[in-house]
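Have your viewer ready and your selection tool at hand. We will walk through this protein one stop at a time, and at each stop you will hear what to select and what is there.

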Amino acid sequence: MTTPVCTSASNAATSARQTLSYPSFSSYVRARQPVLLRTARSLTANPSDAEDLLQTALAKTYVAWDRIEDHRALDGYVRRALLNTRTSQWRKRKVDEFSCDELPEPEGIPEADPAEEQALHDAMWRAIMKLPARQRAMVVLRYYEDLSEAQTADVLGVSIGTVKSAVSRALGKLREDPELEPVRRTPRCDA
């Protein structure tokens with residue numbers, strides 16, 4: 001009786017023989033994987049779940065590879081395996097949601113008043129309009145146009161350090177603006 005000296009070598013040889021016995025399966029997977037993955041993604045909401053679903057369906061296809069007579073219908077076979085696997089997963093899922101007569105509404109979170117938001121918006125614009133033109137341009141580009149410091153510097157033809165210091169001074173002036181005082185005292189729910 002001989003005992004294999006290296007079990008990992010014998011396992012590798014066995015798996016190599018199995019892979020070589022199905023060379024057309026690996027070429028099929030390489031060629032059709034993007035299309036089959038799109039099908040799996042249409043069956044699940046999560047891309048990671050779609051990849052897992054496709055792997056499971058391909059494993060089932062690999063096991064049945066010898067029994068599949070018409071290899072021109074492989075896509076249909078794999079799609080059916082995807083659908084059957086997804087249906088089985090759906091049936092086995094644990095239901096954590098229960099229907100109830102009344103919808104639970106979160107308490108303590110007041111809805112934003114559109115009039116207050118508009119008043120805040122107007123007060124902020126009035127405060128920004130009080131800034132010198134260069135600081136105003138930098139604040140608008142940085143925070144309203146959502147440009148980076150480098151992009152703002154490039155647009156205005158100044159250095160990044162100039163943008164940083166000018167924006168810092170502008171924000172300091174906005175913090176001290178008396179028209180924005182009520183906003184600083186009122187706690188915001190979304191901040």
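Before we start, one definition: helices here are DSSP runs of H or I with at least four residues, numbered from the N terminus. Keep in mind, too, that this is a predicted model.

**Stop 1: the whole chain**

Show the protein as a cartoon. How many helices and strands does the protein have? You should find 9 helices and 0 strands, so to speak a row of α after α when you read along the sequence. Now switch on the surface. The protein exposes about 14300 Å², and carbon and sulfur atoms supply 54% of that area. Of the 191 residues, 23% count as buried. Among contacts between residues at least 6 apart in sequence, 51% join residues at least 24 apart.

**Stop 2: the largest nonpolar core**

Next, select Tyr28, Leu36, Ala40, Leu54, Leu58, Val78 and Leu82 and show their side chains. These are the residues with the most contacts inside the largest nonpolar core, which has 17 residues. Which elements give two or more residues to this core? They are α2 (23-43), α3 (47-63) and α4 (74-92). The largest share, 6 residues, comes from α2.

Zoom in on Ala40. Not counting residues up to four places away in sequence, Ala40 touches Ala50, Leu53, Leu54 and Leu82. Apart from this core lies another one, of 9 residues, and Ala127, Ile128, Leu131 and Val139 are among them.

**Stop 3: salt bridges**

Colour the charged side chains. The count comes to 5 salt bridges. Begin with Asp75 and Arg32, whose closest N and O atoms are 2.5 Å apart. Asp75 lies in helix α4 and Arg32 in helix α2, so this pair ties together parts that are 43 residues apart in sequence. Is Asp75 buried or exposed? With a relative accessibility of 16%, Asp75 counts as buried, while Arg32 is partly exposed at 25%.

Now pick Arg72 and Asp70. They form a salt bridge with the closest N and O atoms 3.0 Å apart. Arg72 is exposed, with a relative accessible area of 77%, and Asp70 is partly exposed, at 35%.

Then go to Glu179 and Lys130, a salt bridge whose closest N and O atoms are 3.7 Å apart. Glu179 sits in the loop between α8 and α9 (181-185), and Lys130 in the loop between α5 and α6, so the pair ties together parts that are 49 residues apart in sequence. Glu179 is partly exposed, at 27%, and Lys130 is exposed, at 53%. Add Arg126 and Asp177 to your selection: salt bridges that share partners join Arg126, Lys130, Asp177 and Glu179 into one network.

**Stop 4: helix α6**

Select residues 133-144, which make up helix α6. This helix has 12 residues and reaches 15 Å from its first C-alpha to its last, close to the 16 Å expected at 1.5 Å a residue. Which residues of α6 are buried? They are Gln135, Met138, Val139, Val140, Leu141 and Arg142. What covers them includes α5 (114-129), α7 (149-156) and α8 (160-176).

Stay in α6 and click on Arg142. Arg142 is buried yet has no salt bridge. The nearest side chain of opposite charge is Glu149, 4.2 Å away, and a salt bridge here needs the nitrogen and oxygen within 4 Å. Leaving aside neighbours within four places in sequence, Arg142 is in contact with Leu147, Ser148, Glu149, Thr152, Val163 and Val167.

**Stop 5: just past α6**

Move along the chain to Asp146, in the loop between α6 and α7. Most residues other than glycine have a negative phi. Asp146 has a positive phi of about 60 degrees although it is not a glycine. Asp146 is exposed, with a relative accessible area of 65%.

**Stop 6: Ile160 in α8**

For the last stop, select Ile160, in helix α8. At 38% relative accessibility, Ile160 counts as partly exposed. Leaving aside neighbours within four places in sequence, Ile160 is in contact with Glu149, Ala150 and Ala153. Draw a distance line from the C-alpha of Ile160 to that of Ala150: these atoms are separated by 5.7 Å, though the two residues are 10 apart along the chain.

Methods. Residues are numbered from 1 along each chain as its sequence is written. This is a predicted model: local features need pLDDT of at least 70, side-chain atom pairs count only at pLDDT 80 or more; totals for chains, interfaces and linings use all residues. Side-chain values use heavy atoms; hydrogens and water are left out. Buried means under 20% relative accessible area, exposed over 50%, partly exposed in between (1.4 Å probe, protein chains only). Contact means heavy atoms within 4.5 Å. Accessible areas come from the Shrake-Rupley method with a 1.4 Å probe; for residues, only the protein chains shown count as cover. The expected span of a helix is 1.5 Å times one less than its number of residues. Lys and Arg count as positive and Asp and Glu as negative; His and the chain ends are not counted. A nonpolar core is a set of buried Ala, Val, Leu, Ile, Met, Phe, Trp, Tyr and Cys residues joined through side-chain atoms within 4.5 Å.
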